[in-house]
Amino acid sequence: MESDAKIRRLDCTSDRISNLPRNVIDLILEGLPIRDAARTSILSKTWRDVWVMHPNLVLDQQFFSQLYSNTFTQPMVVEIKRIISNILLVHNGPILVFKLDIPPYLNLLPETDFWIRNISNNGVRKLELLNRFQLTYKMPSYFFSCLELTNLSLAKCRLDPPRGFQGFNNLLNVKLVNVEITADMSFGTQLKELHLSRCTGIEHLGCLLNRNNNLSNIKILDSGDLDWQLFECIEKVQLLTLALKGATHFRNEIINLDKLVGNMPKIKTLWLDVCVPKSFEPGAAVLTRPISTLEKLILACVDLYDLVHIQSVLCLIRSSPKLRYLFVRLEPKVNGNDDMVFLNSMVLPVDMILDQLETVEILGIIGSRVEFQFIKILLGSTPSLRWIKLKKNITVDDPKEELRILRDLLLIPRASTSSQIKWE
């Protein structure tokens with residue numbers, strides 16, 4: 001009797017799991033490594049059918065680490081390719097999510113064409129292909145027929161769109177790293193997030209930013225030459241990141257900041273590196289149109305020993321009345337520039353009041369008079385400031401010099417008596 005009761009309890013438990021809603025079962029399989037998920041097919045006939053119809057296939061580093069050790073032979077490589085091909089061949093039903101993370105020492109590129117062809121016929125919506133192998137992978141023509149894609153992430157690939165390709169109409173998020181774009185193409189008007197890192201040929205995306213686009217987040221890092229016409233239609237952008245150290249042609253251009261921010265009436269976060277614009281007329285104090293929505297401003301590589309740069313930075317800051325967070329990373333002083341020349345260029349504007357700015361972070365402090373004047377301007381214009389966090393330059397390693405800098409900082413008058421200085 002007792003054994004019969006145990007059997008009934010086991011049967012009841014088994015039935016409860018097997019009879020769960022399909023979306024719940026898919027969530028269970030999604031939380032398992034693909035190898036363990038495949039093993040569920042031996043539980044019962046029901047689970048066998050569930051596995052072969054599971055819509056998410058994730059072949060990540062964990063998957064590959066279960067198949068081989070650090071040292072492997074050619075037969076082992078052949079076996080890995082066979083396993084992946086069999087997974088796709090036995091799969092029955094749509095593949096909504098497909099992730100392939102190719103290890104750096106495993107050449108799977110020839111077979112990847114076949115795998116992309118397979119998922120292109122199964123309604124894939126989220127595709128993540130991270131190529132860590134030494135050779136760049138050219139996306140096959142089948143990829144451009146994946147018109148139901150909503151999320152795309154590619155690394156070390158080449159996009160060569162076929163002639164007459166009309167673009168992807170359902171993409172919402174695109175992330176490209178080390179990707180080469182060889183011809184004009186579009187990711188569609190539904191796109192909301194576009195992240196490009198160390199990419200080339202991004203000038204071919206000019207047709208992407210038309211009047212009907214829905215982009216709200218643009219991040220471009222160390223990519224190729226950039227055509228400013230890309231930023232003429234970005235009315236819905238709320239977060240813009242431009243770090244273009246690798247774009248030599250772009251860095252030498254005169255940037256019209258007035259025009260750039262004027263095209264972004266909803267911008268909330270702005271991240272700029274050495275391309276902080278230098279297009280102001282002498283004596284310019286504010287932008288033609290204040291950035292009334294900007295809450296977070298990050299300026300990297302600010303050169304306080306460049307008169308035009310100083311003017312541009314101050315103009316940008318005081319044109320942001322709703323700024324709540326300001327981050328500045330300073331360029332180190334070079335060529336023995338005379339502080340007095342630059343001190344005279346930084347006069348405290350009497351009408352520069354940032355009454356919502358709460359946190360300021362400045363990195364790269366060496367204790368120069370120019371830096372103190374810059375900090376004085378900020379402290380004297382921020383009645384709501386709570387924290388100003390200062391981090392020394394790595395060259396400041398003398399304890400006495402640190403004490404001197406901190407003492408001078410504490411002597412700077414502050415608009416907010418409750419503001420605190422944090423020195424690191």
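**Exercise 1. Overall make-up**

Task: State what share of the contacts with a separation of 6 or more comes from residues 24 or more positions apart, then describe the chain as a whole.

Solution.
- Step 1. In the protein chain, 63% of the contacts with a separation of 6 or more involve residues 24 or more positions apart. The model is predicted.
- Step 2. Count the secondary structure. The chain has 13 helices and 15 strands.
- Step 3. Take the burial. Of its 424 residues, 46% count as buried.
- Step 4. Add the surface. The accessible surface of the chain is about 21,300 Å². Carbon and sulfur atoms own 52% of that surface.

**Exercise 2. The partners of S5**

Task: Find which strands join S5, in what sense they run, and over how many bridges.

Solution.
- Step 1. Start with S3, residues 126-131. This strand runs parallel to S5, residues 151-159, and five bridges join the two. As a landmark, Lys126 faces Asn151 of S5.
- Step 2. Go on to S4, residues 137-138. S4 pairs with S5 over two bridges, again in the parallel sense. Here Lys138 is opposite Arg158 of S5.
- Step 3. Finish with S6, residues 173-181. Eight bridges connect S5 and S6, which run parallel. Cys157 is set opposite Val179 of S6.
- Step 4. Check the backbone inside S5. Lys156 belongs to this strand. Its phi is positive, about 55°, although Lys156 is not a glycine.
- Step 5. Classify Lys156. Its relative accessibility is 24%, so Lys156 counts as partly exposed.

**Exercise 3. The nonpolar core**

Task: Identify which residues have the most contacts inside the largest nonpolar core, and which element gives the largest share of it.

Solution.
- Step 1. Get the size. The largest nonpolar core holds 105 residues.
- Step 2. Pick out the hubs. Leu159 and Phe187 have the most contacts inside this core.
- Step 3. Find the main contributor. Helix H12, residues 369-379, supplies seven residues, the largest share of this core.
- Step 4. Set this against a general trend. Nonpolar side chains tend to be buried together in soluble globular proteins.

**Exercise 4. Nonpolar residues on the surface**

Task: Locate the nonpolar surface patch that contains Phe114 and give its accessible area.

Solution.
- Step 1. Name the members. Leu89, Val90 and Phe114 make up the patch.
- Step 2. Give the area. Together they have about 280 Å² of accessible area.
- Step 3. Place Phe114. This residue is in helix H7, residues 109-120.
- Step 4. Assign its class. Phe114 has 37% relative accessibility and therefore counts as partly exposed.

**Exercise 5. Salt bridges across the sequence**

Task: For the salt bridges of Lys81, Glu128 and Asp160, name the partner and give the N to O distance.

Solution.
- Step 1. Take the total. The structure has six salt bridges.
- Step 2. Examine Lys81. Its partner is Glu111, with the closest N and O atoms 3.4 Å apart. Lys81 is in helix H6, residues 74-90, and Glu111 in helix H7, so the pair links distant parts of the chain, 30 residues apart.
- Step 3. Compare their classes. Lys81 is buried, because its relative accessibility of 16% is under 20%. Glu111, at 24%, is partly exposed.
- Step 4. Examine Glu128. Its salt bridge is with Lys99, the closest N and O atoms being 3.8 Å apart. Glu128 is in strand S3 and Lys99 in strand S2, residues 97-102; these distant parts are 29 residues apart. Lys99 is partly exposed at 21% relative accessibility.
- Step 5. Examine Asp160. Its side chain meets that of Lys138 at 3.7 Å, N to O. Asp160 sits in the loop between S5 and S6 and Lys138 in strand S4, so this salt bridge ties together parts 22 residues apart in sequence.
- Step 6. Classify this pair. Asp160 is partly exposed at 33% relative accessibility. Lys138 is partly exposed too, with a relative accessible area of 41%.

**Exercise 6. A positive phi in a loop**

Task: Determine where Asp222 lies and whether this residue is buried, partly exposed or exposed.

Solution.
- Step 1. Place the residue. Asp222 is in the loop between strand S8 (217-221) and strand S9 (239-243).
- Step 2. Read the backbone angle. Asp222 has a positive phi of about 45° and is not a glycine.
- Step 3. Assign the class. With 37% relative accessibility, Asp222 counts as partly exposed.

Note on methods. Residues numbered from 1 in each chain as written. Predicted model: local features only at pLDDT ≥ 70, side-chain atom pairs only at ≥ 80, totals over all residues. Heavy atoms only, no water. Pairing = 2+ DSSP bridges. Helix = DSSP H or I, 4+ residues; strand = E, 2+ residues; numbered from the N terminus. Core = buried A, V, L, I, M, F, W, Y, C linked by side-chain atoms within 4.5 Å. Buried < 20%, exposed > 50% of the residue type's maximum accessible area, 1.4 Å probe, protein only. Patch = residues over 30% accessible without salt bridge, like charges linked within 9 Å, V, L, I, M, F, W, Y side chains within 5 Å. Areas by Shrake-Rupley, 256 points an atom, 1.4 Å probe, with all protein chains shown as cover. Salt bridge = Lys/Arg side-chain N within 4 Å of Asp/Glu carboxyl O. Contact = heavy atoms within 4.5 Å.
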